[in-house]
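Please read the following note with the sequence and the structure open beside it. The points may be taken in order, and each can be checked in the viewer.

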Amino acid sequence: MCGILAYIGREPAAPLLVRLLKKLEYRGYDSAGIATVIDSAIHMAKDVGRVDEIASHLDLTSLRGFGGIAHTRWATHGGVTPENAHPHLSCDGRIAIVHNGIIDNYKKLREELENRNHSFRSGTDSEILAHLLEDNYDRAGNEITAVSKTVQKLSGSYAFVALFRQNPDVIAAARKDSPLMIGLGDGENFFASDVGAFIDRTDRAVFVDNREIALINTQGFKVTDFNGVSLRKLPTDVAREVSDVSREDFAHFTEKEIHEQSQTINRALIQTPEKILAVSKELAQAERIYLIASGTSYHAALLGKIYLAKFARRVVEVSLSSEFRDLEEFLDDHSVIVAISQSGETADILEAVGIARQRGARVVALINAEESSLSRTCDLSLSINCGPEIGVAATKSFTSQITLLNFLASQMAQKRRNQVELEALSKKVDNILAQDKVVRRVAHKFNAVSDLYFIGRGVHYPIALEGALKMKELSYIHAEGLSAGELKHGTLALVTENTPVVALNPEDATYEETLNSVSELKARGARVIGVSNRVSTLYDDFIQIPSVPNDLFPIIEVIPLQLLAYYAALERQADPDYPRNLAKSVTVK
Ligand code: F6R
């Protein structure tokens, strides 16, 4: 989702901003732009497209100045047009802003501003920020007061950064419900929506919290509350690891991240025993446990529910973060929320956690991005520890989440045998990855396919959902995941000659029943791709997976599905790293 960035220092801002903006590309975007300030003028260039293309045709790096702001936009209000790209200028061009989030009351504010003769150039909600600041700046006499007066008018979620023609020595910002941090360098400072943007320049960061205003200059920073009252904030050393984002020899980050899983699965098991104990205790004592998450992380939560039931004998509720509000009235200080999120910045989960907190519930987070908003609002957290995930579609974070959930549930049951088995998984993952040619041949057959189904029962059902989600987002083929038992309750009507169905059918208690579903599908002409450790003549194509303990099958069987989606994307000339319309961190509701 939108990436925001600002630099003030001793070197020309534009070339640096263009380079650092590329580190925010993974968040997903449709347009980009930058503005710099020098000699009492703001220079701005922006367009639709990728950062490299825009930088070359608009010659972005030639913009002069030692301070500037930059943005990657993921459209919410207003189409994907050059005018709607950020930055946005005030009427008189004295102030430029970039924004991430949604200003809910922008229509009313725009009407008021237009009545006061402000003229708008875009159809965005964001542009009102430049005009409000323009109105407030003269009266306020300084940047912090101008921002303070501006935020009093806003409702919604935002992190925005503003550049002032009259004072090129400072850059101001404010945050409410969208991520924002300050990077503190040597004679240079940054604002960014994530640490990865400036980490190769500095690993000292200050996290701007909700309802805070911040100001940077070349010498330092200042943070106040929304009323302009100074706050004492201490810098934190952030992990250098987040700068490790090279594709190495892989064609795409997604491919690299799929292949990394033989190591990342093991890393999910590197947990401080005291932390695991504390989380286990928290869950054991809770009267009610809710697992909440979105998208792929939600599929991990569905599996977490099964692991907690099977091992720890705990019956838990699973909810999509965006639907959690319906359960609000059941929350109290005996409830524990397990919030599962790779990014820790998903707006839906942050809102759900906020609701839970208001009701007195405790919050345990399973996260990858340790310096995220979620990690700073929870009571306890465990890291899935899989390193930066750049491909927009979650791959390695999913297997790490389910590995950790399996580990946690088995620890709660004092079932230590499981850890050894989990560690042995690495080799089995390599074994699967070595078969990528087989998977590619299957993906090739999907060229003319418009619909695809994934089926599985028990622990394989969440994987069927995940296989379908991966296929949709990477290849744009319509796909549906369903419990094999549900086929006959409706979806079987869609199965005709050659309808492709991927059957997740390792040899466990669900094997025979799923094989029966496969027979029913075959009787209607379906073309079935079996994913199993046991071959059957019913399958038209077969992807072999190794034998592992039954509860661990999901961790390895999802990998060929990720590869299948990846290769289907390549067959269709789609860019697997940046699926259209999608963003890595979904920071708006
Ligand atoms: C799908 C995908 C998304 C995310 C979802 C939640 O491949 O990546 O569905 O899983 O947006 O994101 P996090 O886990 O960061 O909260």
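1. Overall arrangement. The centres of domain 1 and domain 3, taken over C-alpha atoms, are 45 Å apart. The domain assignment of the protein chain gives domain 1 as residues 3-243, domain 2 as 248-423 and domain 3 as 431-576. The reader should keep in mind that the model is predicted.

2. The ligand and its surroundings. Which residues are closest to the ligand? They are S297, S341, S343, T346 and E473, and 15 residues in total surround the ligand. An oxygen atom of the ligand lies 2.6 Å from an N or O atom in the side chain of S297. For K470, the partner is again an N or O atom of the side chain, at 2.8 Å from an oxygen atom of the ligand. With Q342, by contrast, the contact involves the backbone: a polar backbone atom is 2.7 Å from an oxygen atom of the ligand. On its own the ligand has 410 Å² of accessible area, and the protein covers 89% of it. Two elements, α9 and α15 (460-475), give two or more residues each to the shell around the ligand.

3. An unusual peptide bond. Most residues other than glycine have a negative phi, and most peptide bonds are trans. The bond that joins H86 and P87 is cis, with omega at about 5°. P87 is located in the loop between β4 (67-73) and β5 (88-89).

4. Positive phi angles. What is the sign of phi at D59, a residue other than glycine? The value is positive, near 50°. D59 belongs to the loop between α2 (51-57) and β4. Its relative accessibility is 41%, so D59 counts as partly exposed. R313 is also a residue other than glycine with a positive phi, here near 55°. R313 lies in the loop between α9 (295-310) and β17 (317-320). Because its relative accessibility is 66%, R313 counts as exposed.

5. Aromatic pairs. A pair of aromatic rings is described by the distance of the centres and the angle of the planes. A search of the whole structure finds 9 aromatic pairs. Why does the pair of Y539 and F542 count as stacked? The planes of the two rings are at 5°, with the centres 5.9 Å apart, so the pair is stacked; planes under 30 degrees apart fall in that class. Y539 counts as buried because its relative accessibility is 8%. The pair of Y566 and Y567 is edge-to-face, with 65° between the planes and 5.2 Å from centre to centre. Both Y566 and Y567 are buried. Elsewhere, ring pairs link Y7, F190 and F198 into a cluster.

6. Arginines over ring faces. Where does R50 lie with respect to Y578? R50 is placed over the face of the ring, 4.4 Å from the ring centre. R580 lies over the face of Y476, at 3.8 Å from the ring centre.

7. Points to revisit. In the viewer, the reader may wish to return to the cis bond between H86 and P87, to the positive phi of D59 and to that of R313. The stacked rings of Y539 and F542 can then be set beside the edge-to-face rings of Y566 and Y567. For the ligand, the contacts to inspect include those with the side chain of S297, the backbone of Q342 and the side chain of K470.

Terms used: Residues numbered from 1 in each chain as written. Predicted model: local features only at pLDDT ≥ 70, side-chain atom pairs only at ≥ 80, totals over all residues. Heavy atoms only, no water. Helix = DSSP H or I, 4+ residues; strand = E, 2+ residues; numbered from the N terminus. Buried < 20%, exposed > 50% of the residue type's maximum accessible area, 1.4 Å probe, protein only. Phe/Tyr/Trp six-rings, centres within 6.5 Å; stacked < 30°, edge-to-face > 60°. Lys NZ or Arg CZ within 6 Å of the ring centre and 35° of its normal. Domains from an automatic or database assignment. Near = heavy atom within 4 Å. Polar contact = N/O pair within 3.5 Å; in protein donor to acceptor, adjacent residues only side chain to side chain. Areas by Shrake-Rupley, 256 points an atom, 1.4 Å probe, with all protein chains shown as cover.
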